[in-house]
Amino acid sequence: HVPAAPQRFAILACFVALHGIALQFCISTSGEAHQVALEKIRKKNREDFLNGTKEEDKMPYELPSEWAPNPWASASLFGTISLHAFFFLLCRWKVGFRATVHFQDARQVREGYYVQVVPLPHRGLPALVPLTYCDTTCRLGFIFQRQHYEYLEPGDGTDADEEVGEVQLLQCPVSEPLGKYLEAKGLSSDDAEHLKEKFGENLLEVELPTFM
């Protein structure tokens with residue numbers, strides 16, 4: 001996927017316009033709720049006077065703020081803010097929705113583009129991950145669930161006649177003969193840097209829950 005900046009700005013402009021209309025509606029109707037409440041109190045007082053209602057039997061009244069807008073204006077502003085918040089949360093909850101509204105399909109594979117990864121059932125959540133270039137392998141790749149994947153150009157994969165590229169998990173060299181590991185002298189600083197860039201740091205970090 002390619003980040004679609006014009007599409008994101010268009011969505012943002014729509015929300016800004018909705019907020020502006022609702023806010024203007026609130027400003028133009030400011031004080032109406034107070035006036036309506038006053039009219040109801042005056043009407044009720046006239047009825048109490050005609051019916052001879054005692055002061056201790058009258059119901060207390062609470063007036064809204066003098067700046068309170070029309071109830072429909074308040075509801076419209078609350079609705080636009082709620083819609084904006086729901087849109088933001090939906091982009092966080094649903095990767096497919098975020099890919100649809102914030103990205104567009106790419107015609108080629110390039111560094112800086114994003115890959116939408118959908119794991120098998122019960123194997124984690126989907127994610128949008130960026131493509132990065134590795135100077136060691138001279139290939140594009142990405143990290144998903146702490147595992148490194150690399151993109152193979154057409155013809156570099158298992159099928160040399162394939163017209164599209166493929167993605168494969170980057171495997172560590174664990175199937176070499178035992179003698180090769182016994183004869184290993186260790187890594188030089190340059191070799192360590194190259195392998196670190198290729199496989200990542202030999203480090204596992206577990207994120208703590210946010211409520212702790």
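Leaving aside its neighbours within four places in sequence, which residues is Val129 in contact with? Select Val129 and have a look: its partners are Tyr113, Tyr114, Val115, Val117, Phe142 and Ile143. Before you go on, keep in mind that you are looking at a predicted model.

**Stop 1: the core around Val129**

Now widen your selection. Val129 belongs to the largest nonpolar core, which has 10 residues in all. To light up the rest of that core, add Val2, Tyr113, Val117, Ala127, Leu131, Leu140, Phe142, Phe144 and Tyr151. Colour two strands while you're here: β4 (127-130) and β6 (139-144) each supply at least two residues of this core. β6 gives the most, with three residues. As a bit of background, nonpolar side chains in soluble globular proteins tend to be buried together.

**Stop 2: the start of the chain**

Next, click on His1. You'll find His1 in the segment before β1 (2-3). Show the side chains of His1 and Asp105, and you can draw a polar contact of 3.5 Å between them. What else does His1 touch, not counting residues up to four places away in sequence? Besides Asp105, the list holds Ala99, Phe103, Gln104, Ala106, Tyr113, Tyr114, Gln116 and Leu128. You've already met Tyr113 as a member of the core, and Tyr114 as a contact of Val129.

**Stop 3: Asn70 and the way into α3**

Jump to Asn70, in the loop between α2 (32-51) and α3. Is Asn70 buried or exposed? Asn70 counts as buried because its relative accessible area is 17%, and the cut-off for buried is under 20%. Follow the side chain of Asn70 and you'll see that it reaches the backbone nitrogen of Trp72 at 2.7 Å. Leaving aside neighbours within four places in sequence, Asn70 is in contact with Thr29 and Glu32.

Now slide along to Ala75, which lies in helix α3 (residues 71-93). Ala75 is partly exposed, with a relative accessible area of 41%. Try a distance here: the C-alpha atoms of Ala75 and Ala22 are separated by 8.8 Å, although the two residues are 53 residues apart along the chain.

**Stop 4: the second largest pocket**

Stay with α3, since you have it on screen. The second largest pocket has a volume of about 290 Å³. To see its lining, select Arg8, Ile11, Leu12, Phe15, His84, Phe87, Phe88, Cys91, Arg92, Arg98, His102 and Phe103. Phe103 should ring a bell, as His1 touches it too. The elements that give two or more residues to this lining are α1 (5-28), α3 and α4 (95-102). Which element provides the largest share? That's α3, with five residues. Colour the lining by class and you get seven nonpolar, two polar and three charged residues.

**Stop 5: the largest pocket**

Last stop! The largest pocket has a volume of about 980 Å³. It is lined by 29 residues, so to speak a long selection, but you can begin with those nearest its centre: Cys172, Phe199, Gly200, Glu201 and Asn202. Then colour β7 (147-152), α5 (178-182) and α6 (189-199), the elements that give two or more residues to the lining. α6 provides the largest share, four residues. How many residues of each class does this lining have? There are 14 nonpolar, seven polar and eight charged ones.

Key:
Residues numbered from 1 in each chain as written. Predicted model: local features only at pLDDT ≥ 70, side-chain atom pairs only at ≥ 80, totals over all residues. Heavy atoms only, no water. Polar contact = N/O pair within 3.5 Å; in protein donor to acceptor, adjacent residues only side chain to side chain. Contact = heavy atoms within 4.5 Å. Core = buried A, V, L, I, M, F, W, Y, C linked by side-chain atoms within 4.5 Å. Buried < 20%, exposed > 50% of the residue type's maximum accessible area, 1.4 Å probe, protein only. 1 Å grid on protein atoms, 1.4 Å probe; cavity = no way out; pocket = protein on both sides within 12 Å on 5 of 7 lines; lining within 4 Å. Points joined across faces, edges and corners; volume = space filled by probe spheres on them. Nonpolar A, V, L, I, M, F, W, Y, C, P; charged D, E, K, R; others polar.
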